[in-house]
Amino acid sequence: MATRIEPVRNSGTAANIVAALVAKARTAQKIFARSTQEQLDEAATAVGWAIMNPAHNQALAELAVKDTGLGVVSDKIAKNHRKTLGLLRDLKSATSTGIIADYPERGITEIARPVGVVAAVVPSTNPAATPANNIINALKCGNAVIVAPSPKGHSTSTLLLQFVHAELKRIGAPADLVQQLSAPVTRELTAELMKQADLVVVTGSQNNVRAGYSSGTPALGVGTGNVAVIVDDSADCADAARKIMASKIFDNATSCSSENSAIIHDRVYDRMVAALKKEGGMLLTAPEKETLRKAMFPGGKLSPAITAQPVRKICSVAGLTRAELVSAKCLLVEETGAGREFPFSGEKLSPVLALYRVRDFDQAYDTLRAIYDHQGDGHSCGIYTEDEAHIRRLAHDMTVSRVIVKQAHALATGGSFDNGLPFSLSMGCGTWGGNSFSDNLNYKHFLNITRIVRTIPENKPSEEDLFGPFWKKFGK
């Protein structure tokens with residue numbers, strides 16, 4: 001890599017702490033950047049095994065739930081395993097160093113190059129899976145990475161890095177390729193890391209995402225989730241209910257991709273509600289909904305006491321005592337509007353699902369539009385239908401980066417073994433969501449590309465070739 005001239009840093013503690021980490025990362029990365037493809041692949045695989053080793057996975061999942069208070073141990077084990085297995089599958093045959101493309105007819109040869117030192121800012125909701133994903137992608141491309149974990153997720157990240165360093169030692173790779181900010185992780189430290197790194201990757205709070213984009217360093221940050229799914233009158237309600245419920249309750253809805261609202265055609269509404277109940281959902285009465293609203297959204301903001309908690313805990317916090325509710329897997333609330341006055345229309349990060357009853361697909365589309373005007377624009381939407389025109393309308397007109405068709409959303413949006421999306425825990429939301437990218441974060445985002453440019457036979461059109469049709473239609 002080209003020599004980087006470091007700017008003069010202030011003498012503040014945060015700047016000095018981060019500068020020391022970055023210096024070690026640069027030294028290690030300078031060596032690692034000369035790795036062969038085989039060596040890069042070994043490093044990525046080593047980190048994959050660091051989290052997928054069953055004993056490691058169990059320990060990480062248990063510690064994550066214990067220290068963050070979020071999610072379900074068994075689901076975190078499944079997530080750590082599945083997401084990493086899928087990522088390694090995606091990377092197995094990918095070329096990430098040297099010549100990655102050659103176009104003789106264009107005189108272009110493309111060379112993959114590392115970006116340098118990556119700052120990976122990760123959330124408490126996935127304190128092992130997300131940093132592991134970022135580390136694997138970064139090392140696959142010859143980079144070093146410094147993780148900025150959330151305060152609650154720091155212990156899990158620390159344990160993950162212990163496992164990672166042990167695996168890197170086995171293959172002879174420098175340990176300083178993978179580091180993290182020491183506890184206590186402050187906003188000042190994280191902001192300084194963003195400034196000093198070569199690339200910032202942010203998953204989690206929108207405050208961190210905005211800080212990443214304003215850090216002065218090239219950044220990849222994700223948008224807000226608030227997935228809504230349409231169930232039209234051609235849908236298989238049993239299939240839709242099974243998949244929606246599996247997605248909604250997974251890890252107590254910590255995923256930004258879990259369904260928050262189901263917009264259901266009037267013709268199948270009762271059938272769909274019955275199917276959701278069969279899968280473990282329970283519909284609240286109007287008074288119960290109001291009781292839940294007060295507990296979930298004090299002052300209009302989602303309560304941390306509700307986030308990623310099981311239904312029994314949510315009922316306890318809210319004071320809901322009906323036995324059918326307490327024993328349910330998911331709470332269902334009927335909603336009619338969207339916006340700040342209708343808090344159930346927003347992201348709930350809990351096993352609570354809002355239901356909308358609509359007369360036709362046009363109203364379903366309008367309802368979805370209203371929800372995303374409130375929150376979640378750019379992310380993803382889902383649909384259960386046999387009508388291709390409905391799918392196409394969402395893809396052409398709705399401001400989303402993904403339209404997930406007849407799939408459990410939280411298990412599909414971030415890549416699945418039965419769809420073609422890259423496995424990822426960071427979903428770009430495009431300009432609609434205030435992001436610089438609209439695909440799933442993947443290894444290509446951790447690369448620079450150098451192009452060798454050679455001369456080719458001249459390909460210069462005449463003015464008539466380009467303007468002829470225009471002149472004929474409009475005149476010169």
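**View 1. Helices α2 and α5 pack side by side in this predicted model.** The axes of α2 (residues 37–52) and α5 (residues 129–140) come within 8 Å and cross at roughly 170 degrees. Axes are lines fitted to C-alpha atoms, for helices over the stretch in contact, and angles run from 0 to 180 degrees between N-to-C directions. The two helices are therefore roughly antiparallel; angles over 145 degrees earn that label, those under 35 count as roughly parallel, 65 to 115 as roughly perpendicular, and the rest as oblique. Look for the contact residues, including Leu40, Val47 and Ile51 of α2 and Ile135, Ile136 and Leu139 of α5. Contact means heavy atoms within 4.5 Å. Helices (H or I, at least four residues) and strands (E, at least two) are DSSP runs, numbered from the N terminus.

Two notes help with every view. Residues are numbered from 1 along each chain as its sequence is written. Local features need pLDDT of at least 70, side-chain atom pairs count only at pLDDT 80 or more, totals for chains, interfaces and linings use all residues, and side-chain values use heavy atoms, with hydrogens and water left out.

**View 2. Helix α1 crosses helix α7.** With axes 9 Å apart, α1 (residues 13–32) and α7 pack at an angle of about 45 degrees, so they are oblique to each other. The crossing is right-handed, the name used if the near helix is turned clockwise from the far one by less than a right angle; anticlockwise would be left-handed. Among the residues making the contact are Ala15, Val18 and Val22 of α1 and Leu189, Leu193 and Gln196 of α7. Find Gln196 in α7 (residues 187–196): a polar atom of its side chain lies 3.2 Å from the backbone oxygen of Ala15. Gln196 is buried, with a relative accessible area of 2%; buried means under 20%, exposed over 50% and partly exposed in between (1.4 Å probe, protein chains only).

**View 3. Seven strands form an open, parallel sheet.** Read the order as β10-β11-β12-β9-β8-β13-β14. The edges belong to β10 (281–283) and β14, each with a single partner strand, so one side of each has no neighbour in the sheet. From one strand to the next, the twist averages 25 degrees. Helix α15 (residues 388–397) packs on the sheet and touches β8, β13 (378–384) and β14. Inside the sheet, β8 (residues 227–231) and β9 pair over 5 bridges, and Val231 stands opposite Ile264 in β9. Two strands pair if DSSP finds at least two bridges between them.

**View 4. Three strands form an open, antiparallel sheet.** Here the order is β1-β2-β15, and the edge strands β1 (98–103) and β15 (447–453) each pair on one side only. Strand β2 (residues 108–114) is joined to β15 by 7 bridges. Glu110 stands opposite Arg451 in β15.

**View 5. Three loops hold backbone details to look for.** Most residues other than glycine have a negative phi, and most peptide bonds are trans. Between β5 (178–180) and α7 sits Pro184, and the peptide bond from Ala183 to Pro184 is cis, with omega near -5 degrees. Asp251, in the loop between α9 (237–249) and β9 (259–265), has a positive phi of about 55 degrees. Is Asp251 buried or exposed? Asp251 is buried, at 0% relative accessible area. Lys406, between β14 (400–405) and α16 (409–412), has a positive phi near 55 degrees and is partly exposed at 31%.

How values were computed
Polar contact = N/O pair within 3.5 Å; in protein donor to acceptor, adjacent residues only side chain to side chain.
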